[in-house]
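This report describes the surroundings of a bound ligand and one residue of the protein. The sequence and structure are shown first.

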Amino acid sequence: MRYIPFGVNEAQVSEVVLGTMRIPQMSAAEVGELLETCLDEGINMVDTADIYGGGHCEELLGEAFVANPGLRDQVFLQTKCSIRFTEGGSYFDFSKDYIIEAVDASLKRLKTDHVESLLLHRPDVLMEPDEIAEAFDELHNAGKVLEFGVSNQNPMQMRRIARASKYPLAANQIQLSVAFAPAFEAMLNVNMENDPAVMRDGGIFEYCERKDMAIQAWSVFQHGYFAGTFLGAPEYEELNVKLDELAEKYGVTPGAVALAWILRYPAKMQAVIGTTKASRIRESARACDFTLERPEWYDLYKAVGRQLP
Ligand SMILES: NC(=O)c1ccc[n+]([C@@H]2O[C@H](COP(=O)([O-])OP(=O)(O)OC[C@H]3O[C@@H](n4cnc5c(N)ncnc54)[C@H](OP(=O)(O)O)[C@@H]3O)[C@@H](O)[C@H]2O)c1
(Lines give C-alpha, C1' and ligand atoms only; values in the text may rest on other atoms or scores of the structure.)
Protein backbone atom coordinates (compact mmCIF):
# COMPACT_ATOMS: atom_id res chain seq x y z
CA MET A 1 0.00 0.00 0.00
CA ARG A 2 1.10 3.59 -0.51
CA TYR A 3 0.12 6.45 1.77
CA ILE A 4 -0.33 10.20 1.52
CA PRO A 5 -0.25 12.78 4.31
CA PHE A 6 -3.80 14.02 4.80
CA GLY A 7 -4.78 17.56 5.80
CA VAL A 8 -3.20 19.72 8.47
CA ASN A 9 -2.54 16.78 10.79
CA GLU A 10 -0.81 14.89 7.98
CA ALA A 11 -2.16 11.51 9.06
CA GLN A 12 -0.85 8.82 6.73
CA VAL A 13 -3.87 7.55 4.81
CA SER A 14 -3.92 4.85 2.17
CA GLU A 15 -4.22 5.69 -1.52
CA VAL A 16 -6.89 3.00 -1.84
CA VAL A 17 -9.92 3.82 0.31
CA LEU A 18 -12.95 1.66 1.11
CA GLY A 19 -16.23 3.33 0.12
CA THR A 20 -19.37 2.10 1.86
CA MET A 21 -22.22 3.33 -0.33
CA ARG A 22 -23.10 -0.19 -1.46
CA ILE A 23 -23.04 -2.05 1.88
CA PRO A 24 -26.64 -1.60 3.13
CA GLN A 25 -27.58 -5.23 2.37
CA MET A 26 -24.65 -6.58 4.36
CA SER A 27 -24.69 -7.59 8.01
CA ALA A 28 -22.58 -5.75 10.60
CA ALA A 29 -20.47 -8.90 10.98
CA GLU A 30 -19.77 -8.93 7.23
CA VAL A 31 -18.91 -5.24 7.30
CA GLY A 32 -16.50 -5.92 10.17
CA GLU A 33 -14.81 -8.63 8.08
CA LEU A 34 -14.57 -6.24 5.14
CA LEU A 35 -12.84 -3.67 7.34
CA GLU A 36 -10.45 -6.28 8.72
CA THR A 37 -9.55 -7.27 5.16
CA CYS A 38 -8.83 -3.63 4.38
CA LEU A 39 -6.53 -3.31 7.38
CA ASP A 40 -4.75 -6.55 6.41
CA GLU A 41 -4.06 -4.96 3.03
CA GLY A 42 -2.92 -1.65 4.54
CA ILE A 43 -6.13 0.16 3.55
CA ASN A 44 -6.74 2.34 6.60
CA MET A 45 -9.29 4.88 5.32
CA VAL A 46 -13.04 4.36 5.10
CA ASP A 47 -15.45 6.69 3.34
CA THR A 48 -19.14 6.92 4.12
CA ALA A 49 -21.95 9.49 4.10
CA ASP A 50 -25.03 10.26 6.13
CA ILE A 51 -27.30 9.46 3.17
CA TYR A 52 -25.89 6.06 2.22
CA GLY A 53 -28.66 3.56 2.81
CA GLY A 54 -30.62 6.36 4.47
CA GLY A 55 -28.12 6.32 7.37
CA HIS A 56 -27.97 2.52 7.58
CA CYS A 57 -24.41 2.34 6.20
CA GLU A 58 -23.15 4.50 9.06
CA GLU A 59 -25.14 2.33 11.49
CA LEU A 60 -23.52 -0.82 10.12
CA LEU A 61 -20.08 0.71 10.52
CA GLY A 62 -20.98 1.72 14.08
CA GLU A 63 -22.14 -1.81 14.89
CA ALA A 64 -18.98 -3.26 13.37
CA PHE A 65 -16.85 -0.94 15.51
CA VAL A 66 -18.67 -2.01 18.67
CA ALA A 67 -18.42 -5.71 17.80
CA ASN A 68 -14.69 -5.52 17.03
CA PRO A 69 -12.86 -3.74 19.86
CA GLY A 70 -9.87 -1.78 18.61
CA LEU A 71 -11.16 -1.59 15.04
CA ARG A 72 -12.41 1.99 15.20
CA ASP A 73 -9.02 3.35 16.29
CA GLN A 74 -7.26 1.76 13.32
CA VAL A 75 -9.54 3.39 10.77
CA PHE A 76 -9.31 6.92 9.39
CA LEU A 77 -13.03 7.58 9.14
CA GLN A 78 -14.58 10.07 6.73
CA THR A 79 -18.23 10.94 6.38
CA LYS A 80 -20.16 13.53 4.38
CA CYS A 81 -23.16 15.75 4.85
CA SER A 82 -25.31 18.32 3.05
CA ILE A 83 -27.66 16.25 0.88
CA ARG A 84 -31.13 16.41 2.42
CA PHE A 85 -34.02 14.18 1.56
CA THR A 86 -37.47 15.24 2.66
CA GLU A 87 -40.94 14.08 1.68
CA GLY A 88 -41.11 17.06 -0.65
CA GLY A 89 -37.87 16.14 -2.44
CA SER A 90 -34.15 16.62 -2.08
CA TYR A 91 -31.91 19.66 -1.78
CA PHE A 92 -28.47 20.68 -0.56
CA ASP A 93 -27.83 22.44 2.73
CA PHE A 94 -24.56 24.05 3.87
CA SER A 95 -26.20 26.07 6.64
CA LYS A 96 -24.35 26.11 9.94
CA ASP A 97 -27.12 24.53 11.95
CA TYR A 98 -27.67 21.75 9.47
CA ILE A 99 -23.98 20.85 9.14
CA ILE A 100 -23.70 20.55 12.92
CA GLU A 101 -26.98 18.63 13.23
CA ALA A 102 -25.93 16.23 10.47
CA VAL A 103 -22.54 15.52 12.04
CA ASP A 104 -24.10 14.86 15.43
CA ALA A 105 -26.50 12.40 13.83
CA SER A 106 -23.64 10.70 11.95
CA LEU A 107 -21.55 10.32 15.11
CA LYS A 108 -24.51 8.75 16.86
CA ARG A 109 -25.00 6.22 14.05
CA LEU A 110 -21.26 5.56 13.79
CA LYS A 111 -21.06 5.06 17.56
CA THR A 112 -17.99 7.24 17.81
CA ASP A 113 -17.24 10.66 19.26
CA HIS A 114 -15.41 12.01 16.20
CA VAL A 115 -14.64 11.50 12.54
CA GLU A 116 -11.19 12.11 11.15
CA SER A 117 -12.62 13.85 8.07
CA LEU A 118 -15.88 15.51 7.04
CA LEU A 119 -16.72 16.36 3.43
CA LEU A 120 -19.47 18.67 2.22
CA HIS A 121 -21.10 16.25 -0.19
CA ARG A 122 -22.50 18.34 -3.07
CA PRO A 123 -22.36 22.11 -3.63
CA ASP A 124 -25.14 24.21 -2.15
CA VAL A 125 -25.66 27.26 -4.40
CA LEU A 126 -27.03 29.10 -1.39
CA MET A 127 -23.92 28.50 0.69
CA GLU A 128 -22.56 31.28 2.84
CA PRO A 129 -18.87 30.63 3.51
CA ASP A 130 -18.87 32.43 6.86
CA GLU A 131 -21.59 30.10 8.14
CA ILE A 132 -19.64 27.07 6.96
CA ALA A 133 -16.54 28.41 8.71
CA GLU A 134 -18.51 28.80 11.93
CA ALA A 135 -19.81 25.24 11.68
CA PHE A 136 -16.28 23.92 11.04
CA ASP A 137 -14.99 25.89 14.01
CA GLU A 138 -17.65 24.56 16.35
CA LEU A 139 -17.17 20.97 15.21
CA HIS A 140 -13.39 21.20 15.42
CA ASN A 141 -13.39 22.86 18.83
CA ALA A 142 -15.72 20.15 20.15
CA GLY A 143 -13.28 17.51 18.87
CA LYS A 144 -15.96 16.05 16.60
CA VAL A 145 -14.16 16.58 13.28
CA LEU A 146 -10.38 16.70 12.73
CA GLU A 147 -10.18 17.63 9.01
CA PHE A 148 -12.59 19.23 6.55
CA GLY A 149 -13.00 18.81 2.82
CA VAL A 150 -15.48 18.97 -0.02
CA SER A 151 -16.86 16.80 -2.76
CA ASN A 152 -17.88 17.64 -6.33
CA GLN A 153 -16.79 21.27 -5.98
CA ASN A 154 -15.05 23.45 -8.52
CA PRO A 155 -12.07 25.66 -7.66
CA MET A 156 -14.09 28.86 -7.25
CA GLN A 157 -16.37 27.14 -4.75
CA MET A 158 -13.38 25.76 -2.84
CA ARG A 159 -11.74 29.21 -2.84
CA ARG A 160 -14.85 30.80 -1.34
CA ILE A 161 -14.85 28.32 1.55
CA ALA A 162 -11.07 28.43 1.97
CA ARG A 163 -11.12 32.23 2.28
CA ALA A 164 -13.62 32.10 5.14
CA SER A 165 -12.39 29.06 7.04
CA LYS A 166 -9.25 28.77 9.13
CA TYR A 167 -9.07 25.08 8.34
CA PRO A 168 -7.40 24.39 4.98
CA LEU A 169 -9.52 22.03 2.88
CA ALA A 170 -7.95 18.58 3.01
CA ALA A 171 -9.70 16.84 0.11
CA ASN A 172 -12.07 17.03 -2.82
CA GLN A 173 -13.91 13.85 -3.78
CA ILE A 174 -14.89 13.78 -7.44
CA GLN A 175 -15.96 11.26 -10.04
CA LEU A 176 -13.06 9.81 -12.01
CA SER A 177 -12.38 6.56 -13.82
CA VAL A 178 -10.61 5.56 -17.00
CA ALA A 179 -14.07 5.62 -18.65
CA PHE A 180 -15.11 8.92 -17.03
CA ALA A 181 -12.44 11.60 -17.19
CA PRO A 182 -13.79 14.88 -18.58
CA ALA A 183 -11.21 16.80 -16.52
CA PHE A 184 -8.32 15.02 -18.26
CA GLU A 185 -9.99 15.51 -21.65
CA ALA A 186 -10.09 19.25 -21.05
CA MET A 187 -6.44 19.24 -19.93
CA LEU A 188 -5.46 17.62 -23.21
CA ASN A 189 -7.59 19.73 -25.56
CA VAL A 190 -6.75 23.21 -24.35
CA ASN A 191 -8.02 26.02 -26.58
CA MET A 192 -9.46 23.69 -29.20
CA GLU A 193 -12.86 23.84 -30.84
CA ASN A 194 -13.84 20.20 -30.20
CA ASP A 195 -16.16 18.92 -27.46
CA PRO A 196 -13.45 17.45 -25.18
CA ALA A 197 -12.01 20.98 -24.91
CA VAL A 198 -15.00 22.02 -22.79
CA MET A 199 -13.72 22.45 -19.25
CA ARG A 200 -16.50 21.09 -17.08
CA ASP A 201 -14.61 21.04 -13.77
CA GLY A 202 -12.89 24.44 -13.81
CA GLY A 203 -9.48 22.97 -13.06
CA ILE A 204 -10.14 20.90 -9.92
CA PHE A 205 -7.01 18.79 -10.35
CA GLU A 206 -4.70 21.76 -10.80
CA TYR A 207 -6.28 23.60 -7.86
CA CYS A 208 -6.08 20.61 -5.49
CA GLU A 209 -2.49 19.90 -6.42
CA ARG A 210 -1.54 23.53 -5.78
CA LYS A 211 -3.35 23.53 -2.42
CA ASP A 212 -1.88 20.18 -1.39
CA MET A 213 -5.37 18.65 -1.18
CA ALA A 214 -6.13 14.98 -1.66
CA ILE A 215 -8.12 14.17 -4.80
CA GLN A 216 -10.43 11.27 -4.01
CA ALA A 217 -11.79 9.52 -7.09
CA TRP A 218 -15.27 7.98 -6.74
CA SER A 219 -16.95 5.37 -8.95
CA VAL A 220 -13.54 4.22 -10.07
CA PHE A 221 -14.88 1.20 -12.00
CA GLN A 222 -17.99 2.87 -13.42
CA HIS A 223 -18.88 4.64 -16.64
CA GLY A 224 -21.48 7.39 -17.04
CA TYR A 225 -23.39 8.45 -13.96
CA PHE A 226 -23.91 5.15 -12.08
CA ALA A 227 -24.33 3.44 -15.47
CA GLY A 228 -22.51 0.26 -14.42
CA THR A 229 -18.98 -1.04 -14.44
CA PHE A 230 -16.84 -0.95 -17.57
CA LEU A 231 -14.93 -4.02 -16.34
CA GLY A 232 -15.90 -6.84 -18.66
CA ALA A 233 -18.59 -4.73 -20.34
CA PRO A 234 -18.92 -5.54 -24.07
CA GLU A 235 -19.29 -1.86 -25.00
CA TYR A 236 -15.79 -1.26 -23.56
CA GLU A 237 -14.12 -4.10 -25.46
CA GLU A 238 -11.00 -2.16 -26.50
CA LEU A 239 -10.49 -0.87 -22.96
CA ASN A 240 -10.89 -4.34 -21.48
CA VAL A 241 -8.39 -5.81 -23.96
CA LYS A 242 -5.84 -3.16 -22.88
CA LEU A 243 -6.61 -3.67 -19.18
CA ASP A 244 -6.19 -7.45 -19.61
CA GLU A 245 -2.86 -6.97 -21.40
CA LEU A 246 -1.48 -4.74 -18.67
CA ALA A 247 -2.93 -6.95 -15.93
CA GLU A 248 -0.94 -9.83 -17.35
CA LYS A 249 2.22 -7.73 -17.59
CA TYR A 250 2.01 -6.57 -13.96
CA GLY A 251 0.56 -9.79 -12.53
CA VAL A 252 -2.58 -8.10 -11.18
CA THR A 253 -6.28 -7.92 -12.10
CA PRO A 254 -7.70 -5.53 -14.74
CA GLY A 255 -9.40 -3.63 -11.89
CA ALA A 256 -6.04 -2.97 -10.24
CA VAL A 257 -4.77 -1.56 -13.55
CA ALA A 258 -7.81 0.73 -13.75
CA LEU A 259 -6.99 2.00 -10.24
CA ALA A 260 -3.31 2.43 -11.08
CA TRP A 261 -4.45 4.63 -13.99
CA ILE A 262 -6.16 6.96 -11.52
CA LEU A 263 -3.32 6.92 -9.00
CA ARG A 264 -0.79 7.73 -11.74
CA TYR A 265 -1.88 11.39 -11.83
CA PRO A 266 0.91 13.29 -10.07
CA ALA A 267 -0.92 14.71 -7.06
CA LYS A 268 -2.20 13.37 -3.74
CA MET A 269 -4.51 10.82 -5.36
CA GLN A 270 -6.86 8.38 -3.65
CA ALA A 271 -9.14 5.81 -5.26
CA VAL A 272 -12.35 5.10 -3.34
CA ILE A 273 -13.46 1.56 -4.15
CA GLY A 274 -17.05 0.50 -3.60
CA THR A 275 -16.78 -3.27 -3.58
CA THR A 276 -18.58 -5.47 -1.05
CA LYS A 277 -16.19 -8.40 -1.65
CA ALA A 278 -13.03 -9.16 0.33
CA SER A 279 -11.39 -10.68 -2.76
CA ARG A 280 -11.83 -7.42 -4.71
CA ILE A 281 -10.38 -5.42 -1.83
CA ARG A 282 -7.26 -7.59 -1.96
CA GLU A 283 -7.05 -7.28 -5.74
CA SER A 284 -7.52 -3.51 -5.56
CA ALA A 285 -4.72 -3.08 -3.03
CA ARG A 286 -2.30 -4.39 -5.67
CA ALA A 287 -2.82 -1.14 -7.62
CA CYS A 288 -0.12 0.39 -5.43
CA ASP A 289 2.48 -2.27 -6.25
CA PHE A 290 3.36 -0.86 -9.67
CA THR A 291 3.30 2.36 -11.68
CA LEU A 292 1.97 2.56 -15.20
CA GLU A 293 4.43 3.81 -17.78
CA ARG A 294 3.46 7.00 -19.62
CA PRO A 295 2.61 5.27 -22.95
CA GLU A 296 0.48 2.73 -21.06
CA TRP A 297 -1.47 5.52 -19.33
CA TYR A 298 -2.15 7.18 -22.69
CA ASP A 299 -3.09 3.86 -24.34
CA LEU A 300 -5.77 3.36 -21.69
CA TYR A 301 -6.95 6.96 -22.09
CA LYS A 302 -7.38 6.33 -25.84
CA ALA A 303 -8.92 2.86 -25.43
CA VAL A 304 -12.38 4.33 -24.77
CA GLY A 305 -12.46 6.08 -28.16
CA ARG A 306 -10.74 9.30 -27.11
CA GLN A 307 -8.19 10.94 -29.35
CA LEU A 308 -5.17 13.06 -28.61
CA PRO A 309 -4.92 16.45 -30.31
N1 LIG B 1 -18.83 12.03 -3.34
C2 LIG B 1 -19.76 11.52 -4.12
O3 LIG B 1 -20.60 12.24 -4.68
C4 LIG B 1 -19.81 10.02 -4.31
C5 LIG B 1 -20.69 9.47 -5.24
C6 LIG B 1 -20.68 8.08 -5.38
C7 LIG B 1 -19.83 7.29 -4.60
N8 LIG B 1 -19.02 7.88 -3.69
C9 LIG B 1 -18.09 7.08 -2.83
O10 LIG B 1 -17.28 6.31 -3.69
C11 LIG B 1 -17.38 4.93 -3.32
C12 LIG B 1 -17.16 4.09 -4.52
O13 LIG B 1 -18.19 4.32 -5.50
P14 LIG B 1 -18.75 3.12 -6.33
O15 LIG B 1 -19.33 2.13 -5.42
O16 LIG B 1 -19.58 3.64 -7.45
O17 LIG B 1 -17.34 2.53 -6.87
P18 LIG B 1 -16.90 1.33 -7.76
O19 LIG B 1 -15.80 0.66 -7.04
O20 LIG B 1 -16.64 1.88 -9.12
O21 LIG B 1 -18.15 0.37 -7.90
C22 LIG B 1 -18.40 -0.69 -7.02
C23 LIG B 1 -19.36 -1.61 -7.70
O24 LIG B 1 -18.71 -2.20 -8.83
C25 LIG B 1 -18.77 -3.60 -8.69
N26 LIG B 1 -17.55 -4.19 -9.22
C27 LIG B 1 -16.30 -3.96 -8.81
N28 LIG B 1 -15.42 -4.70 -9.54
C29 LIG B 1 -16.16 -5.38 -10.41
C30 LIG B 1 -15.84 -6.31 -11.43
N31 LIG B 1 -14.58 -6.69 -11.69
N32 LIG B 1 -16.85 -6.81 -12.16
C33 LIG B 1 -18.11 -6.45 -11.91
N34 LIG B 1 -18.49 -5.60 -10.94
C35 LIG B 1 -17.50 -5.06 -10.21
C36 LIG B 1 -18.91 -3.87 -7.22
O37 LIG B 1 -19.53 -5.13 -7.03
P38 LIG B 1 -19.07 -6.08 -5.82
O39 LIG B 1 -19.59 -5.45 -4.58
O40 LIG B 1 -19.73 -7.37 -6.15
O41 LIG B 1 -17.56 -6.15 -5.86
C42 LIG B 1 -19.80 -2.73 -6.79
O43 LIG B 1 -21.16 -3.00 -7.06
C44 LIG B 1 -18.74 4.81 -2.66
O45 LIG B 1 -18.84 3.69 -1.81
C46 LIG B 1 -18.79 6.10 -1.90
O47 LIG B 1 -18.05 5.95 -0.71
C48 LIG B 1 -18.98 9.23 -3.54
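Which ligand atom lies 2.5 Å from a polar side-chain atom of threonine 275? In this predicted model, the partner of threonine 275 at that distance is an oxygen atom of the ligand. The protein covers 86% of the 910 Å² of accessible area that the ligand has on its own.

**Ligand environment**

The ligand is surrounded by 26 residues, and the closest of them are Arg22, Asp47, Thr275, Thr276 and Lys277. By class, the shell around the ligand comprises 9 nonpolar, 12 polar and 5 charged residues. The largest pocket is the space that the ligand takes.

Distances from polar side-chain atoms to the ligand are listed below.

| Residue | Ligand atom | Distance |
|---|---|---|
| Threonine 275 | oxygen | 2.5 Å |
| Arginine 22 | oxygen | 2.6 Å |
| Glutamine 173 | nitrogen | 2.9 Å |

Arginine 22 thus has a polar side-chain atom at 2.6 Å from a ligand oxygen, while glutamine 173 places one at 2.9 Å from a ligand nitrogen.

**Glutamine 222**

Glutamine 222 belongs to the loop that runs between β11 (214-218) and α9 (237-250). Why does glutamine 222 count as buried? Its relative accessibility is 13%, and residues under 20% are classed as buried, so glutamine 222 falls in that class. The side chain of glutamine 222 also reaches the backbone nitrogen of threonine 229, at a distance of 3.5 Å.

Key:
Residues are numbered from 1 along each chain as its sequence is written. This is a predicted model: local features need pLDDT of at least 70, side-chain atom pairs count only at pLDDT 80 or more; totals for chains, interfaces and linings use all residues. Side-chain values use heavy atoms; hydrogens and water are left out. A residue is near a molecule or strand if one of its heavy atoms lies within 4 Å of it. A polar contact is a pair of N or O atoms within 3.5 Å; within protein, one must be able to donate a hydrogen and the other to accept it, and residues adjacent in sequence count only if both atoms are side-chain atoms. Accessible areas come from the Shrake-Rupley method with a 1.4 Å probe; for residues, only the protein chains shown count as cover. On a 1 Å grid over the protein atoms alone, a cavity is a set of points where a 1.4 Å probe fits but cannot get out, and a pocket is an open set with protein on both sides within 12 Å along at least five of seven lines; lining residues have an atom within 4 Å of a point. A molecule sits in a cavity or pocket if more than half of its atoms lie within 2 Å of its grid points. Ala, Val, Leu, Ile, Met, Phe, Trp, Tyr, Cys and Pro count as nonpolar, Asp, Glu, Lys and Arg as charged, and the others, Gly among them, as polar. Helices (H or I, at least four residues) and strands (E, at least two) are DSSP runs, numbered from the N terminus. Buried means under 20% relative accessible area, exposed over 50%, partly exposed in between (1.4 Å probe, protein chains only).
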